[in-house]
Amino acid sequence: MRTPIADFIKKYAESETVRFHMPGHKGRGSFSFEKYDITEVKGADSLYEAEGIIAESEENASRLFGSRKTLYSTEGSSQCIRAMLHLAAQEWARKNGTAAVEEKPLFIAARNVHKAFIYGAALEDADVKWLYDEGDEPSLCACRVIPETVEEILAAELRPVAAVYITCPDFLGNMNDVKKIADICHRYGTLLLVDNAHGAYLHFLEKPVHPLDLGADMCCDSAHKTLPVITGGAYLHIGKNAPGSLGADARQAMALFGSTSPSYLIMGSLDECNRYLNEKAREEFPACAARLASLREKLEKNGWDVKRDTDPLRLTLRADGKETGILTAEKLRAGGVECEYADPEYVVLMVSPFNSEEDLARAAEILGVKEKNGQAVKPGPVHTEELKLEQKISIRKAVFAPSEMIDADKSAGRVCAALAVSCPPAVPIAVSGEIIDEKAVAVLKHYGIEKISCVCQKNL
């Protein structure tokens, strides 16, 4: 498979052309990659007007993933999420005609959304109805969505729904039934959007379970999370059976939310990844999944509470009553192993084919034998089922209103402005425009959040 972007960058770097163009380092610097860091010189194409090497590379990616259209992002899945919401809102307005001028688009969304969804909803001035967790995970990150619940909500909703939006897999690795949810959405004439930031590799397993394979209309993949891609590289995918207008308008939607100076280093990395996906991925990802399955079994035999129902390349360990996930992460760090995420209940390790057998062996050695001690950590106030907060003002109004940072301890009764969450996991506790209650305060403290942005009282 040709890699036209990467080939062009390498050829330009080797040409020793004198650079009287951006960037300012002129191809020289101490990191050694500067010579490959170029701008839209002649022949380099342009990401949001692509018709040359970038268009060719994106077409290669489209064929590899089996999409109607795949577009590159150099600003992660956050850009793709905003574009998906915009495209869904446009399609909703197209279907509903002049009535849409007077109304807001409505999204049905699982509560464990990334904060990029909230800001996208603010930009679209959209209304959101939440799907709450129907599983048994004591975590902010989890939101098991039951297909029958989606159907009940769609059947009862009087307004046309722009899209249903879910995260799959989530930060703990939970996988929702995308196929059933997609079928239900399509029966009710709405779109299914999937935040698949953590699952770009899922199409390349022995049994593909990527959202595109399961009927999603649009999804985003953070290629850099699980594929050999530089940080910031992501995909916006349009499903083969999605409305044609989504594919036609997708590049314009990405341009609306993207920088006019996209990174050629990241685009070149996405381009090189196409070759890897074409030549090695279908062999290496299943083999990696098998190695991780073996490690899970070993850890279980050594007393660890291993979460089994995750995506194949995630190792999620539950804490016990005496050692939190944060302490386990510190133990790993002391042994030279850095995890992806840790909180009081869980520690999460993400694995790829580029982790060696020795990497897995080191993690196993550090974790060692787990002595069962104490009670399992109970859901308590962190369970999202208990956090159904009242929406006081719209998401858009809250995001753009004057705000002030206050102590989380003093925030009960106030209206959330900006989102008080770190990344990872970037999942909101209180959503912009919601009234913070005592339970939300307890969850903020549980996750170590001491300050929160609230709408100034005089602006309510």
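1. In this predicted model, the structure holds 12 aromatic pairs. One of them joins tyrosine 72 and tyrosine 235, whose ring centres lie 6.2 Å apart with the planes at 50°, so the pair counts as tilted, given that angles under 30 degrees would be stacked and those over 60 edge-to-face.

2. This pair links distant parts of the chain, since tyrosine 72 belongs to strand β1 (residues 69–73) and tyrosine 235 to strand β7 (residues 234–238), with the two positions 163 residues apart in sequence numbering. Tyrosine 72 and tyrosine 235 are both buried, and ring pairs join them with Phe65 and Phe204 into a cluster.

3. A contact of another kind involves arginine 111, which is placed over the face of tryptophan 130, at 5.0 Å from the centre of the ring.

4. Turning to the nonpolar interior, the largest core comprises 119 residues, and the members touching the most others are Phe117, Leu192, Leu193, Leu227 and Leu277. Helix α3 (residues 76–96) is the element that gives the most to this core, contributing 8 residues. Apart from this core lies another, made of 25 residues, including Ala142, Leu389, Ile452 and Cys454. In soluble globular proteins, nonpolar side chains tend to be buried together.

5. Leucine 193 deserves a separate look, and its neighbours can be listed: leaving aside residues up to four places away in sequence, leucine 193 touches Met84, Leu85, Ala88, Phe107, Ala163, Val164, Tyr165, Ile166 and Met218.

Technical notes: Residues numbered from 1 in each chain as written. Predicted model: local features only at pLDDT ≥ 70, side-chain atom pairs only at ≥ 80, totals over all residues. Heavy atoms only, no water. Core = buried A, V, L, I, M, F, W, Y, C linked by side-chain atoms within 4.5 Å. Buried < 20%, exposed > 50% of the residue type's maximum accessible area, 1.4 Å probe, protein only. Helix = DSSP H or I, 4+ residues; strand = E, 2+ residues; numbered from the N terminus. Contact = heavy atoms within 4.5 Å. Phe/Tyr/Trp six-rings, centres within 6.5 Å; stacked < 30°, edge-to-face > 60°. Lys NZ or Arg CZ within 6 Å of the ring centre and 35° of its normal.
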